[in-house]
Amino acid sequence: MTTGSHRVCIKMDQWRGENAVVTGAGSGIGAATTLELLRHGVNVVGLDVQSAKLEKLANSLEDVTKTPTSIPDGIRRGIFYPKTCDITDERAVQDVFGWVDAELGGVSVLVNNAGIIMRSSLLDGTLKDWKCLMNINVLAQCVCSREAYRSMSTNNNVLNGHIVQINSIGGHSITPYYAHKMYNASKTAITVLCEGLRHELSLVNSKIKVSSISPGSVDTDIFNTAKFRPSSQVVSSRPALKPEDVAAMVIVTLETPPSVEIAELTIIPTGSTIQSHGMPSPVKLSDK
């Protein structure tokens, strides 16, 4: 990139050899992000509650990185450290970050990716479902960010650190579908908390960056993981992003120089919109 009379080179070189923690690393956006970071020479501690998914990802790494264009010239692939972890278990999260501090020298990048979606109406949903959504989508993210801050601050990282939150356009607009408002609320909370985290970091003179990436529809197995089949309200002919598209945007935020911070990055499939403009069909509680 050329700026005025001088050139500014923005690369992932600044993170090469550093350690990243990626939550929900076993599939979807988390797996795609893990692969991208490894390709750029970043070590990845991949967290997932499902050990089988982590094992599958680890076994696939050799095949993925054998392709000629998979790793940029002159870059040695990062090391993958799979860790089975339930991020709603505060002690388990603390143990993982403690291990990274003791064995790897600390965390430089956190990608808060893990999250769930479930249909739970404000009219007849259960407190159990609401707590589940908030625990995973909001509180667990805060715990991971807190532990990352402690690690980044303690280990005196040259680049200070970067926290990337995988948010959603659902955190910026209301989904016009029945029983999705609690999900909206959880993602709106993340939007607020990202700005709040930036504010508190500035008050303690920290240079740690916080980036929120809000994708539109992404083709992942999140509905299968939630153990429900999407209703006809959600399924449409609209295009969807691929997990690799979101992973590429994680790299974009990390490529910025120390003086630049991407606070919010919203990405949607070409031909779609941030706010849904269709009118969903009426819902009968007895038929849902």
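This report describes the sheet, the helices packed on it, one buried polar residue, the salt bridges and the cysteines of a predicted model.

## Basis of the description

Because the model is predicted, local features need pLDDT of at least 70 and side-chain atom pairs count only at pLDDT 80 or more, while totals for chains, interfaces and linings use all residues. Residues are numbered from 1 along each chain as its sequence is written, and side-chain values use heavy atoms, with hydrogens and water left out.

## Sheet and packed helices

Seven strands, given here as DSSP runs of E with at least two residues and numbered from the N terminus, form an open sheet of 7 strands in the order β5-β4-β3-β6-β7-β8-β9, with parallel pairing, where two strands pair if DSSP finds at least two bridges between them. The edges are held by β5 (80–84) and β9 (264–267), each with a single partner strand, so one side of each has no neighbour in the sheet. Within the sheet, 4 bridges join β6 (residues 109–112) to the parallel strand β7 (residues 162–166), and Leu 110 has Ile 163 as its bridge partner in β7.

Helix α4 (residues 127–154), a DSSP run of H or I with at least four residues, packs on the sheet and touches β3, β6 and β7, contact meaning heavy atoms within 4.5 Å. The direction of α4 makes about 175 degrees with that of β6; axes are lines fitted to C-alpha atoms, for helices over the stretch in contact, and angles run from 0 to 180 degrees between N-to-C directions.

## A buried asparagine in α4

Asn 137 belongs to helix α4 and is buried, with a relative accessible area of 1% (buried is under 20%, exposed over 50%, partly exposed in between, with a 1.4 Å probe and protein chains only). Beyond neighbours within four places in sequence, the contacts of Asn 137 include Gly 115, Tyr 183 and Ile 190.

## Salt bridges

The model has 7 salt bridges, each a side-chain nitrogen of Lys or Arg within 4 Å of a carboxyl oxygen of Asp or Glu. One of them joins Glu 90 and Arg 146 at 2.7 Å, N to O; Glu 90 lies in helix α3 (residues 90–104) and Arg 146 in helix α4, so the pair ties together parts 56 residues apart in sequence. Salt bridges with shared partners join Glu 90, Arg 146, Glu 147 and Arg 150 into one network.

## Cysteines

The structure holds 0 disulfides, a disulfide being a pair of cysteine sulfur atoms within 2.5 Å. Cys 144 is buried at 0% relative accessibility, and the closest cysteine sulfur, in Cys 85, is 7.0 Å from its own, too far for a bond.
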